[in-house]
Amino acid sequence: MADRILSWHPAPSKPTFTPPPGAVDAHCHVFGPMAKFPFSAKTKYLPEDAGPDMLFALRDRLGFSRNVVVQASCHGTDNAAMLDAIARSHGPDGKARARGVAVVDPDISDSELIALHEAGIRGIRFNFLKRLVDDAPKDKFLKVAARLPEGWHVVIYFEADILEEMRPFIASIPVPVVIDHMGRPDVTQGPNSADVKAFRSLLDSRVDIWFKATCPERLDAKKEGGMGDPWNNFAVAVAPLVADYPDRVIWGTDWPHPNMQDEIADDGHIVDMIPRIAPSAELQQKLLVTNPMRLYWPEEL
Ligand SMILES: O=C(O)c1cc(C(=O)O)oc(=O)c1
């Protein structure tokens, strides 16, 4: 078996920025623990364990209150590790401090979807990255998207080079759509690049397309021709998007940063990106509290 990969910082710094009360880390994952929750036979990477105890310790260290755990491709369509993390997230008041986004077999039954809802899932993820998944059947995805429990959305992960071919598919999705990592624009080309313009026109095509202003460590990585920490290209390219679409943007750490083992990010520095892309207290409140609460805890608003 291949060596297991460690892609996260062992001792992240304490951020300078203090998130507002109730802040949500709306894009993070758990890996295993493998002995209890084995990875998918089809996984493209084999990570070290990064379980709920580590995730919640990081949440507290970074000054966040809640997590949205997104099913990582290494667990395929078996959501057990993520559901276990959500089940362990209950605070002293008995309320879950985590919710989740699942990856499902499109043939999943309606009763299984309801069970996922009761376990805290509020969306499903469609992953189009060839380096992460073997196939992404759009017809089957559309069918399951039409059967989701009320209030759910679809999260889509794709790269900028297929944005054009994604348009009809995205237009057909009958529920709100959240785009992972802004569809991975080339942030080194600035805020008015062809990638960013294409992404803006996608956002303008529907009022219920949301996006995650996430992953400076990926999009501005040295290995992508970017700057690396402190990720200035990311700040310059992404701040105008947050300013122009303040009511449909959310944020997350991306911990434990799958596949980023060659350029390990300090999560304290990742948090310190927030005031650079959302400079005012009002924007920060929307990005970190109001917007993710609308998607994941609407009953508390
Ligand atoms: O770009 C990636 O490698 C990546 C992978 C995964 C996953 O494996 O699910 O999730 C992400 O958000 C990003």
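**Exercise 1.** Determine whether Asn259 is buried or exposed, and describe its backbone.

*Solution.* Asn259 has a relative accessibility of 18% and therefore counts as buried, since buried means under 20% relative accessible area, exposed over 50% and partly exposed in between (1.4 Å probe, protein chains only). Next, the backbone: Asn259 is not a glycine, yet its phi is positive, about 70 degrees. Finally, the position: Asn259 belongs to the loop between strand 8 and helix 9; helices (H or I, at least four residues) and strands (E, at least two) are DSSP runs, numbered from the N terminus.

The model is predicted: local features need pLDDT of at least 70, side-chain atom pairs count only at pLDDT 80 or more, and totals for chains, interfaces and linings use all residues. Residues are numbered from 1 along each chain as its sequence is written, and side-chain values use heavy atoms, with hydrogens and water left out.

**Exercise 2.** Carry out the corresponding analysis for His181.

*Solution.* His181, also not a glycine, has a positive phi of about 50 degrees. This residue sits in the loop between strand 6 (177–179) and helix 6 (194–205). Its relative accessibility is 2%, so His181 counts as buried.

**Exercise 3.** Locate the cis peptide bonds Asp229–Pro230 and Trp255–Pro256.

*Solution.* For the bond joining Asp229 and Pro230, omega is about 15 degrees; Pro230 lies in the loop between helix 7 (216–219) and helix 8 (232–244). For the bond from Trp255 to Pro256, omega is near 0 degrees. Pro256 is found in the loop between strand 8 (249–250) and helix 9 (267–271).
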